[in-house]
Every structure is written in structure tokens, then in C-alpha cells.
Amino acid sequence: MTYRAPISDILLALNHGAGLQAAVQAGHYGDFDGDIAAAVLEEAGKFAGDVLAPLNRVGDEQGIKLADNKVTTAPGWPDAYRRWAAAGWNAVSGPEAFGGQGLPLAINAACTEIWSASNIAFGLCPLLTLSAIEALEAHGSDELKQIYLQKLVSGEWTGTMQLTESQAGSDVGALRTRAERAGDGSYRIKGTKIFITYGDHDMTDNIVHFVLARLPDAPAGTKGISLFLIPKLLVNADGSLGARNDIHPSGVEHKLGMHASPTCTMTMGDHGGAIGYLIGEENKGMQCMFTMMNQARLGVGLEGVGIADRAYQQALAFAQERKQGRAVGKKGDGLDPIIVHPDVKRMLLQMRSMTAAARSICYATAVAFDISARAKDPKVRADAAARGALLTPIAKAFSTDIGNEVTYLGVQIHGGMGFIEETGAAQHYRDARITSIYEGTNGIQSIDLVTRKLAANGGASVWALLDELNGIVKQVETSNDPGFGTTGAKLRDALGSLERASKWLLERVASAPNDALAGATPYLRLFGSTLGGCMLAGEALAAKSHGDAGDPQRYVTVARFFAENITVQAGSLEKTVTDSAEAVNGADAVWLG
Ligand SMILES: Cc1cc2nc3c(=O)[nH]c(=O)nc-3n(C[C@H](O)[C@H](O)[C@H](O)COP(=O)(O)OP(=O)(O)OC[C@H]3O[C@@H](n4cnc5c(N)ncnc54)[C@H](O)[C@@H]3O)c2cc1C
């Protein structure tokens, strides 16, 4: 099944939903020319459709192989990666001082969606490299930057992110990998990490591992964690590659999906310890890692968007082809394509509108990150940083939940053929599943949203966002477009639910934390579906007034469907948050009785 990047949907979401155009006009992006976006994305779409999409099935079927401490990727993958990097795709938003193109993160976010849609297991590799670049740029010494950044930015080398150990998953503070000072400024690292994505592969000559470890005299928990850069091959003074470092893939996992992405057990210390270099300060590794994780969380949210869009495109094509039954009221012989049936239309609209809502939220997160890094005015930067922080867990969890739901519907629309591997619908469903688990499970994201992001400054970031959303709803209410149906009323009700649920949670975060935690996941859903509903309505209004996105009424229909079918659930989600804590926290009686 081919993939075609939905460029006009992407540009509408980027420019109007996420506010890129307004931010450029306000001068927050310096001399960046917003018109470049379309050309870059067209090219990304071509590469993805021509080179990456055809390898998606091969990667799934052939997977990866581990032999003699080396991972081999699926046929065609190393060549595709080299072409991809040579075309400059790894460097889109990389720092110009190290060979990057310096384009906004928002443009790279749209590219990440495109790579993920065409081939999610491929796109995962550079997603982690990008996070590594951010951490090294923000926290690394000048010497480390000089040696490693340019190679990482160009994609000549890739990066990994190594937190997880068998006893330390969500609870990163429980990690035991040891680091000892070697006396020459470097460190020797010993330990075993599990589940390391692209921990080894044959697509590049070197791999730069970013590993969390603990010094012998470190305090317990997350306050005693340090971040180390550990190259697979040591780098000589002249920049050439030297000896193999003491870090090896000692196993690979057999997984439900993402077969082409190696998930490795990494062993350090079989030969005296891997040589590592400290990033940032000793015992301040979590701070550095958060720089990586925020990037990666947005990236994984975009994986959810991408895989959802791919599943939608495939389901739409199938529904237009597959003939079963007749449209109600149609007479005579012959069968109609299943797309005539209201239940199939409903599934397709659900897929389309959920994907669009998640896309807008992810892009808005990227624009907030950009403004927080680029705007001149410190207040604008601080507000954008708060917005980016608030949106990150929603972008990650809401979008990946949607990736799962949309790929589920993709299988459903295919009927029995969806369950058969031949169509590819099943692969999307399998591949999507991990996105709600890694980079912090979606449960952990919702806890982050309630206990940190909502609670920051008495909810100030949430109230500021609600104000803006209120402005969009007012515009819908006064638009006099019957195409919006009851969108305005549904969105207004949802804003009320979100505000009340936020206040309820704020009152309990400190006083009754278990009550707040019990409602965290439904709260994140309430937040995402209200925010997504408002953003889609705002985009539909923009499509009508700017006239640069084809027939604007299709966006009105998508926004209306989402408001009337998804956002409308806000009322019951509010009740779930506020009324169900007692049952949840009394649950022990259920399994003990
Ligand atoms: C394919 C794949 C690729 C991966 N890639 C990487 C990688 O590149 N680098 C890396 O470091 N790791 C990687 N991981 C690990 C991944 O990030 C973890 O699996 C994930 O963070 C969850 O940790 P866990 O598996 O130990 O689950 P656990 O932490 O044991 O969680 C199990 C369940 O309990 C819940 N839970 C746990 N603690 C709490 C809490 N305090 N409150 C509420 N609920 C809680 C979780 O939400 C989850 O539902 C990868 C994993 C996979 C499967």
C-alpha cells in the first residue's frame, strides 16, 4: 500500500492550528521564511513515499538479526538510511553551527509524522538521534560537541537513549548501572540495559549511546543519576574511528510489532568497563535526560499521528474498493462499495478527525518549543516554555492512544482481511501498540500532566490555554455556518468540563493525591479531546478565511464530527475524574475478597 503525505492537511494544522504563521509574523522565528515549509514537506513526502514506504513490509517480515554481537537490519534498510541522511533529512532542525539546517522544530515535527507514517520502525531511529542531539547541545562540554555533534546532526552516526534496566522501567531512579571515575576525566561504565532501541545496527559506522548510570558515592534515587556519552567505537584525536568500546548488544527482543527496529539488551563491562564521558554535571543526569525525553515524547506522539494517518489512508482506499451490500434505498442489481454505509463512514470520519486532532496538538507542542527557544522577549519565551511543558504529556499520550484506536478501526474496516497480514492493516495495529508504552507509559504521562503540569503555578498554564480556546469557540458560535452543526455548543460544554475537572484535581493534588491520581488518565483524555476539538474548529475557520486549503467545508465537517462524537464525551470524562476516585481507591477489596 502506497503512502501519500497529506500536505495540505499538514500545512493547515501547522500554519493555522499550531500557530506557526502567526508566530512567524510576530517575529518569533527571526528571519525564517514560512513559505519554505510547503517545499520541504513536499520533498519529504516524496522520499517517504518512494523509498521508505516500500520497505515497511520488508522490515516487518524479515526483521533484524543478531549474530556475533552485531545486529543486521532488514534488506534495503542500510541503503535507505544512507540515502535519507545524505539528502539532509536528519539535519532539518539541527544547529547550523554543526552542519544543521536550523529550520524550526515544527517543520521537523511534520517530517517526523511523514517518516513515521511511511515506515514507523525506520523513523524511530532518527527520532532518538534528534533527542540525543538536543541533550548534547544543551548540556555537553564544548569538546564533546566538537567531536560528536556534527556527525550526529548529519546522521552519519546515530544516537541511542539508555535508561531502562530490568528492575528500573517507569521507576528510573531504581537503575543500578555503575560508573566509576577513571582518573583521566573519563569514566568506566558497567551494567546491563534492556529494551534499547537501535542499540546496534549496520546502517552507520558508529553509534553514540547516551546512558544513565550511578557513581559509587551517588545519592539514592533520581538525584544520584548521571548521564554518559559512550561511543560504540572510540574516536581518535584526529576524528577517525578507533577501538571497539566495551558496550555490546547481547540480545534482541522478539516483539508484537516494530520488527525492523532492533530492541537490544546492551551489556557494558565484560572487558573492564565501557569508556564514557560525562554530559552535564555528576548526579544531574535526570535534568539532561529530560531534555532528551521531552523531544522524544513529542516524537513518539508524532509516531501516533503518522501511523494513524497511514491506517486511515489504507482504510479509505479499501472502503472505496470493497463492495458489500447496497446503499439504503438503492434499487437494482449490483453491490456498492462499503463506504456508502453510515457505519463505515462513521469509522472513517473517526479515523480522519482523531488523526487531525492529534496532529494539531503535536504541532502546537513543537511551535511552543520553538518559540521558547527562539523568541526575543523573555516573557514570550517563558510562556511558550510553560505551554510546551503542559502540552508534552498530552501530545505523547493522547496521540499514541489515537494511533492505537485508529489502527484498530483500520483493521475493522478491512473486515476479515484486516486480520490477515496481506493487507498491511494488521501491521499498523501491531506497530502502533508500543507507542503508548515507551518514552514513559501513557499512565505516567497523565500523572505528569496532573501532578506537575496542571499543578504548576496554581494551574496558570491551563487557564491561559482555556482562555485562548474560549476565543475559538466564540468564533465558531458567531460564524453562522450551519455546517458546524452543534460544534460550538459541544465545545463550550467541554471547556466547562475541563475547567471544573482541573479545579477539582488542583484541590486534591496535595491534599488527596490518590484521588487525583485515580482520575489522571480520564483527565488527559478530557484535555486532549477538548483541546483537539477546539483546534480542529479553529483550523476549519482558518481554512474558510484563508482559502489556501482546497474546499474548506471538508475541514468544517471533520471539526463538527470530532466535536459531536469525541469532544462530546467530555461531560462523562469529567464525571469519571470527579466521581470515580472512591471506587478506584477502594479496589483492593475486589482482589483481596
Ligand atoms: C520496543 C521497545 C523499545 C524501547 N526502547 C527503549 C529505549 O530505547 N531506551 C530505554 O531506555 N527504554 C526503552 N524501552 C523501555 C520502555 O521505555 C519501558 O518499557 C517503559 O518505560 C515502561 O517500563 P516497564 O516496561 O518497566 O513497565 P513498568 O514500569 O513495570 O510499568 C508497568 C505498568 O505499571 C504502570 N506503572 C508503573 N509505575 C507506575 C506509577 N508510579 N504510577 C502509576 N502507574 C505505574 C505503568 O504505566 C504500566 O502500565 C523500550 C521498550 C520497548 C518494549
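Okay, one definition before anything else: I'm calling a residue buried if 20 or more other C-beta atoms lie within 10 Å of its own, exposed if 12 or fewer, and partly exposed in between. And keep in mind that this is a predicted model.

With that cut-off in hand, look at helix H5, residues 105-118. H5 is mostly covered, with 14 of its 14 residues buried. From first C-alpha to last, H5 reaches 20 Å, close to the 20 Å expected at 1.5 Å a residue for its 14 residues.

Now the annotation. UniProt, in an unreviewed entry, lists "domain: Acyl-CoA dehydrogenase/oxidase N-terminal" at residues 41-156. That span is 68% helix and 5% strand, and its end C-alpha atoms lie 22 Å apart. The record also has "domain: Acyl-CoA dehydrogenase/oxidase C-terminal", again from an unreviewed entry, at residues 283-448. Over residues 283-448 we get 75% helix and 0% strand, with the end C-alpha atoms 22 Å apart.

One helix to pick out is H8, residues 285-321. How far should its 37 residues span at 1.5 Å a residue? The expected figure is 54 Å, and the end C-alpha atoms are 53 Å apart, so the two agree. H8 is also largely enclosed by the rest of the structure, because 30 of its 37 residues are buried.

Okay, on to the ligand. There are 20 residues around the ligand, and the closest are Gly169, Ser170, Thr197, Thr441 and Gly443. Which elements give two or more residues to that shell? Those are strand E3 (158-162), strand E5 (187-197) and helix H13 (442-454). By class, the shell has ten nonpolar residues, nine polar and one charged. Domain 2 (158-282) and domain 3 (442-587) each supply at least three residues to the shell.

Let me stay with E5, since a lot of the strand pairing runs through it. Nine of the eleven residues of E5 are buried, so the strand is largely enclosed by the rest of the structure. Start with E4, residues 178-181. E4 and E5 pair antiparallel over four bridges, and Arg178 has Lys190 in E5 as its bridge partner. The two strands form a hairpin with five residues between them, and Gly183 in the turn has a positive phi of about 90 degrees.

Next is E11, residues 263-268, which is joined to E5 by five bridges and runs antiparallel to it. Thr197, one of the closest residues to the ligand, stands opposite Thr263 in E11.

Then there's E12. E5 and E12 run antiparallel, with three bridges joining them. Here Ile189 stands opposite Ala274, and Tyr187 stands opposite Gly276. E12 has another partner in E7, residues 226-231, again antiparallel and again through three bridges. In that pair Phe228 stands opposite Leu278. E12 itself, residues 274-279, is mostly covered, with five of its six residues buried.

A few loop residues now. Tyr198 lies in the loop between E5 and strand E6 (207-213). Its phi is near 50 degrees, a positive value in a residue other than glycine. Is Tyr198 buried or exposed? With 26 other C-beta atoms within 10 Å, Tyr198 is buried.

Compare that with Asn457, in the loop between H13 and H14. Asn457 also has a phi near 50 degrees, positive in a residue other than glycine. But Asn457 counts as exposed, because it has 11 C-beta neighbours inside 10 Å.

Another loop residue is Asp171, between E3 and E4. Asp171 has 11 C-beta neighbours inside 10 Å, so this one counts as exposed. Asp171 and Thr222 are 51 residues apart along the chain, and their C-alpha atoms are separated by 8.8 Å.

Last residue: Lys474, in helix H14 (residues 460-477). Why is Lys474 partly exposed? Because it has 13 other C-beta atoms within 10 Å, and the cut-off for exposed is 12 or fewer. Between Lys474 and Ile133 there are 42 Å in space, C-alpha to C-alpha, and the two are 341 residues apart in sequence.

If you open the model afterwards, I'd start at E5. That strand gives residues to the shell around the ligand, and it pairs with E4, E11 and E12. That's what I have.

Technical notes:
Residues numbered from 1 in each chain as written. Predicted model: local features only at pLDDT ≥ 70, side-chain atom pairs only at ≥ 80, totals over all residues. Near = placed C-beta within 6 Å. Nonpolar A, V, L, I, M, F, W, Y, C, P; charged D, E, K, R; others polar. Domains from an automatic or database assignment. Pairing = 2+ DSSP bridges. UniProt positions renumbered as here; feature names shortened; annotations may be inferred. Expected span 1.5 Å × (residues − 1).
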